[in-house]
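Could you walk me through this model in my viewer, one selection at a time? I would like to know what to click on next and what I will find there.

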Amino acid sequence: MACPFMSKLPTTYVKNYVAGLLKTYGHSCPVMSRFINVGPSVGATNEQTDIKKKCPFLEDESTAKAVKEVSKEIQEDVIEPKINTGNVYNYEKFFHEQIMRKKADHSYRIFRKVNRLAMDFPYAVEYTGNEKPVTVWCSNDYLGMSCHPEVKSAVQRTLDKYGSGAGGTRNISGNSMFHENLEKDLAVLHEKEAALLFTSCFVANDSTLFTLGKMIPGLHIFSDSGNHASMIQGIRNCGAPKHIFRHNDPKHLEELLMSVDKAIPKIVAFETVHSMTGAICPLEELCEISHKYGALTFVDEVHAVGLYGDHGAGVGELRGLMNQMDIISGTLGYYINMPVEKINTIFNLLFYVYILGKAYGNVGGYVAASSNLIDMIRSYAAGFIFTTSLPPMVLAGARAAVGVLASTEGRSLRKKHQENVEYLRQKLYAAGLPVESTPSHIIPIKIGNPNLCTKISDLLLQEKGHYVQAINYPTVPIGQEKLRLAPTPHHTPEMVDTLVEDMLDVWVKLGIPLNATRCSMCKKKPLCARISNHIQNNCRITIESCLAPNCYQLVNASA
């Protein structure tokens, strides 16, 4: 039965003034008067008195009755304020401690101050200490295209006519015909439907893998253990389940792929030419196994494009595999609403990642794939959307470089490049320097000690005039520290001879023993020159007994 008195009052009024109503009219109510007249126990009275003494609000009888004790669940969520000591966190101390950690393990980086000479490539001027001329042996400008007359001329003409900046993002005044035309050229070069430019290949890898990982429902990513940090970051941040297979190991990849339902969408991510070991992946095997289990392949050709293939399209073109990697079915643009069983029909799509900042001698990266996939990345990838686009002058230079390297001149440059690489490799072998066997244009010299690696680099630069960068952690794992040589078509045999002689002097000065290079498995001298004419693969794919990751020694090299 409703209270005849309270029912005449608005509910909101009763809620707001319940304490005053009880105090004024409670004794007249036959129901409430029983509760008001009942006194609390002695213990409860003392407890309430203590509370009232602490809180002036609760000292008022009218308000005290309106306050209820919160539940235990809410009490557990209450964070008591910490006592303020008056000290502010010492940010600078923390920063200094982190720097000292890097210096202690010899992974602290000191950038060389090098101005490369466009009119006298591969020479440069180095400004650490006194200004002095040096020869650069470690640049990723593998073919010297940054100094090519046609590239420089294209950049200069575009700069004079259109200025130095892009003006904004691709969506806000930063799109131009330079962007559109270069993307079309790149798509044609790689026999793909479309291409998309990024400000760097790090952004291209990171943004694309992150976007695919976030958008494809239930996606699993299979990543080569030697993948670049840009790929690792994109894979890690997207949150998709990941599986790591041993570097360039198709068998291990297949074992991992077999553990996942074939109907589940997958991406297999790997590089063709590894930037630090110089190894070339077993591309055909990796692609065949990926497609066999319904996976999309994400291939990083950063250190191969411009350097391999008849038109410089990379290892895929060199091995005649581009036609096997065409899109045969499906559009990734509708993956959000597509059932898993339909996603599985897209198993033959290959996705390429390339860069404009290495063999093409400029800056920026790009991806090439189906038009639908590219359009989806263009529409969803934050690393593409929310950044100022590449300036027209850079794109003009890149387009000129792509044209040169796809021509007869480009084929001549690649031939001379490979000749110089082989000449330097054999000279280093003959001198007994610890060269890592590799079939690519990258020549690593293993040191295995960060302090010693830095000392060798310093002496070569300061006393001999050779710039050979020490490669330490985190670029390579601890214990794999090395010097990384990358000769160009513009280095001469005389320059190579001088470099090797000066390296021997440094080795002797530092007391480093000289040993003839031997395969760690068969203990024979490397035969990369002969083998590279027969296979372009990791030889353990051919010889099951050899387990060395970068061994290219064949049992019957003359076969």
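Start by selecting Val506 and showing its contacts: setting aside neighbours within four places in sequence, Val506 touches Ile456, Leu459, Leu460 and Lys464. Keep in mind as you go that this is a predicted model. Val506 sits in helix H21, and with a relative accessible area of 2% it is buried, since anything under 20% falls in that class. Now add Ser457 to the selection. Ser457 and Val506 are 49 residues apart in sequence, yet their C-alpha atoms are 9.4 Å apart in space.

**The pair H20 and H21**

Next, colour helix H20 (residues 450-464) and helix H21 (residues 493-509). Their axes come within 10 Å and cross at roughly 125°. H20 and H21 are therefore oblique to each other, and their crossing is right-handed. To see who takes part, show side chains for Ile456, Leu459, Leu460, Glu463 and Lys464 on H20, and for Asp502, Met503, Asp505, Val506, Trp507 and Lys509 on H21. Sorted by class, this H20 and H21 contact has six nonpolar residues, five charged ones and no polar ones.

**The pair H10 and H11**

Move on to helix H10 (residues 201-215) and helix H11 (residues 229-238). The axes of H10 and H11 come within 8 Å and cross at roughly 25°. That angle is under 35 degrees, so H10 counts as roughly parallel to H11. The crossing of H10 and H11 is right-handed. On the H10 side, select Cys201, Phe202, Asn205, Asp206, Leu209, Phe210, Gly213 and Lys214; they meet Ala229, Ser230, Met231, Gln233, Gly234, Ile235, Asn237 and Cys238 of H11. By class, the contact of H10 with H11 has eight nonpolar, six polar and two charged residues.

**The pair H8 and H18**

For another helix pair, select H8 (149-162) and helix H18 (residues 392-405). Here the axes of H8 and H18 come within 8 Å and cross at roughly 155°. H8 and H18 are therefore roughly antiparallel to each other. As H8 passes H18, the crossing is right-handed. The contact involves Glu150, Val151, Ala154, Val155, Thr158 and Leu159 from H8, and Pro392, Met393, Ala396, Gly397, Ala400, Ala401 and Val404 from H18. By class, the contact of H8 with H18 has 10 nonpolar residues, two polar ones and one charged one.

From H8, follow the chain into the loop that leads to helix H9 (177-189), and pick out Asn171 there. Is Asn171 buried or exposed? Asn171 is exposed, with a relative accessible area of 71%. Add Ser389 to the view: Asn171 and Ser389 are 218 residues apart in sequence and 9.2 Å apart in space, taken from C-alpha to C-alpha.

**Backbone details in the loops**

Now switch to a backbone view. As a rule, most residues other than glycine have a negative phi, and most peptide bonds are trans. The next stops depart from that pattern.

Zoom in on Phe121 and Pro122, which are joined by a cis peptide bond with omega about 10°. Pro122 is in the loop between strand S1 (114-116) and strand S2 (123-126). Then jump to Tyr473 and Pro474, where there is a cis peptide bond, again with omega about 10°. Pro474 belongs to the loop between strand S13 (470-471) and strand S14 (482-485).

For positive phi values, click on Glu191, a residue other than glycine whose phi is near 55°. Glu191 lies in the loop between H9 and strand S4 (194-198), and at 44% relative accessibility it counts as partly exposed. Asn248 also has a positive phi, near 55°. You will find Asn248 in the loop between strand S6 (242-245) and helix H12 (250-258). With a relative accessible area of 1%, Asn248 is buried.

**Zooming out**

To finish, show the whole chain as a cartoon: there are 22 helices and 14 strands. Of its 559 residues, 47% count as buried. Among contacts with a separation of 6 or more, residues 24 or more positions apart account for 68%. Switch on the surface as a last step: the accessible surface of the chain comes to about 28500 Å², and 56% of that belongs to carbon and sulfur atoms.

Definitions and conventions
Residues are numbered from 1 along each chain as its sequence is written. This is a predicted model: local features need pLDDT of at least 70, side-chain atom pairs count only at pLDDT 80 or more; totals for chains, interfaces and linings use all residues. Side-chain values use heavy atoms; hydrogens and water are left out. Axes are lines fitted to C-alpha atoms, for helices over the stretch in contact, and angles run from 0 to 180 degrees between N-to-C directions. Helices (H or I, at least four residues) and strands (E, at least two) are DSSP runs, numbered from the N terminus. Angles under 35 degrees count as roughly parallel, over 145 as roughly antiparallel, 65 to 115 as roughly perpendicular and the rest as oblique. A crossing is left-handed if the near helix is turned anticlockwise from the far one by less than a right angle, and right-handed if clockwise. Contact means heavy atoms within 4.5 Å. Ala, Val, Leu, Ile, Met, Phe, Trp, Tyr, Cys and Pro count as nonpolar, Asp, Glu, Lys and Arg as charged, and the others, Gly among them, as polar. Buried means under 20% relative accessible area, exposed over 50%, partly exposed in between (1.4 Å probe, protein chains only). Accessible areas come from the Shrake-Rupley method with a 1.4 Å probe; for residues, only the protein chains shown count as cover.
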